[in-house]
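Student: I'd like a close look at one part of this model rather than a tour of everything. Could you walk me through it slowly?

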Amino acid sequence: MEYYVGIDIGSLTGKVVILNAENSILAEKVIPVKKLPINTVNTLLEEVLPKVGIKTFSEITYCVGTGYGRRKIPLANETISEITCHGTGAHHLISSVRTVIDIGGQDCKIIRLDAQGHLKNFIMNEKCAAGTGRYLEIMAETLGLTLDELGTLSLKAKNPLALASKCSIYARQEVMQLISDGIKKPALAAAINKAMAERVIALAEKVGLEKDIAVSGGVAKNIGVVSNMERMLGTQFKKFSVDPQIIGALGAALVAKKAYNKKKE
Amino acid sequence: MLAAGIDLGSSYCKYIVLRESEIVLKGIYPIEGDPQRISKKVVNEIFSSLKIKGNEIKIVCTGRNRKKLAIKSQEMTEITCIAKGVYKLIPSIRTIVDVGALTNKIIKINAEGRVMDYVINDKCASGSGMFLELVAKALETDISKLGEKASLSNNPLSISNQCSIFAESEVIYLVNEGKNESDIAAGVCNSIAGQLYSLLKRINMEADIALVGGVAKNVQIRRNLEERLNLPLKQLSIDPFYITAYGAALFATEIGVGAI
């Protein structure tokens, strides 16, 4: 039995996917990161390895690490950038995808792929929290909502409102003021999701958006942000058949299989 | 006649009451997202502490939230008030560095105290007081103690993120890695001083220079900025956090407006 393991250690969550030789997902897991990356890795493995019947690390055929904390994965046979992993994972699931919008905890990447799934171009924001998952997290906290509620509640908004601030800190201040002015949570949630979508689209337009488009990362689960982006671009996104948060880890596992087979030759 | 300056900022409300240019009352309250409520509290405090009625005091209100003051008053911009306050205390000042909760400003004034030019960083909270507050929280240190803690460092770390939110995560990471907290604090303070220095370079700065705002009390930021400028920063005789309110109060003594 072959086990290809992809581990994606992001800034807010850690993800793992285990594939077999037929590319079937045997196990997957997403957890919030621990204080130290090594503890995130260990917790992930403790969760999934027993599920597939692996008792010792030596039973793992090949392991690829990716993400912000990829250099802290002792088990990894090699590490690869998350750009490649997201591209690989997305192309594997939906071969017609030419643009992947990956919105992570502390960054946002727009990845352009060709018909073979090779990387054509990409752009990344990792300098400013606005337009990343962290922005939504701060805003959800300010409104006293969970991230899920921030997405669903925004659909109930009747009068869309626009936020003046881009910076997460300024926006938090603005939202606190709007709360004390008596603006209701659905309207604020809608304004936040719209601002988030605008930031992502502004970044994406710098590299261009070719169809089909798919969204990966935790924010892909926020219906408010996704529907705003779709409306702004006038197109429907392709939806992944798996949790959009594991695309990077899935890509890492696929890369693991390819790398292992190449080494065998 | 009494004159009050109320600085209704984005994070704190500061006020000063003058009687014949002597400070008779001052106070500071966090805004906590509700400037109206805090301003009401401050106004009540002024009236009850001094046992006065509306027509016995003139009020000038300034700060980002000045329109939210609970009672009618004369409004002035922060820049005018800062210049007024600093010039009154040290007439030789030509350049003022103001670090607010959300925005940093550099103000140039001439020998008459008139504002000649200014630059504001108001696009993002990087290098602002809020940035320092987030980091202080991450280090579990009171913001007022952060400068002292930083000044103990022999080996300041370099903080790579400019974004306050990302810098906060970076600090948490460094703490978890077991890095020395004074070294982290010094890295953060130096980063803020560096951002102030960049802003200063965008204006044709001239000595003497003063640092004002709550952050001015941070010894490490002061010292690091002095090192970068290769110049001493002038020390004000009042708490630099109150300088804007002080300037507003000075205006209140001059302008013949019945505030209420």
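Student: Let's take strand β6 of chain A and strand β7 of chain A: in which sense do they pair, and over how many bridges?

Tutor: Sure, and keep in mind as we go that this is a predicted model. The two strands, β6 at residues 99–103 and β7 at residues 108–113 of chain A, run antiparallel to each other, with 5 bridges between them. If you want a spot to zoom in on, pick V100(A): across from it, in β7(A), you'll find I111(A).

Now zoom out a bit. That pair belongs to an open sheet of 4 strands in chain A, and reading across it you get β8-β7-β6-β9. The pairing in the sheet as a whole is mixed. At the edges sit β8 (119–125) and β9 (213–216) of chain A; each has a single partner strand, so one side of each has no neighbour in the sheet. As for how the strands are turned, neighbours in this sheet make an angle of 15 degrees with each other on average, ignoring direction.

There's also a helix to add to the picture. Helix α2 of chain A, residues 82–93, lies across β6, β7, β8 and β9 of chain A. Take β7(A) as your reference and the helix runs at about 55 degrees to that strand. So that you can find your way back: start at V100(A) opposite I111(A), step out along the order β8-β7-β6-β9 of chain A, then look for α2 of chain A lying across those strands.

Notes. Residues numbered from 1 in each chain as written. Chains lettered and ligands numbered in written order. Predicted model: local features only at pLDDT ≥ 70, side-chain atom pairs only at ≥ 80, totals over all residues. Pairing = 2+ DSSP bridges. Axes fitted to C-alpha atoms, helices over the stretch in contact; angles between N-to-C directions. Contact = placed C-beta atoms within 7 Å.
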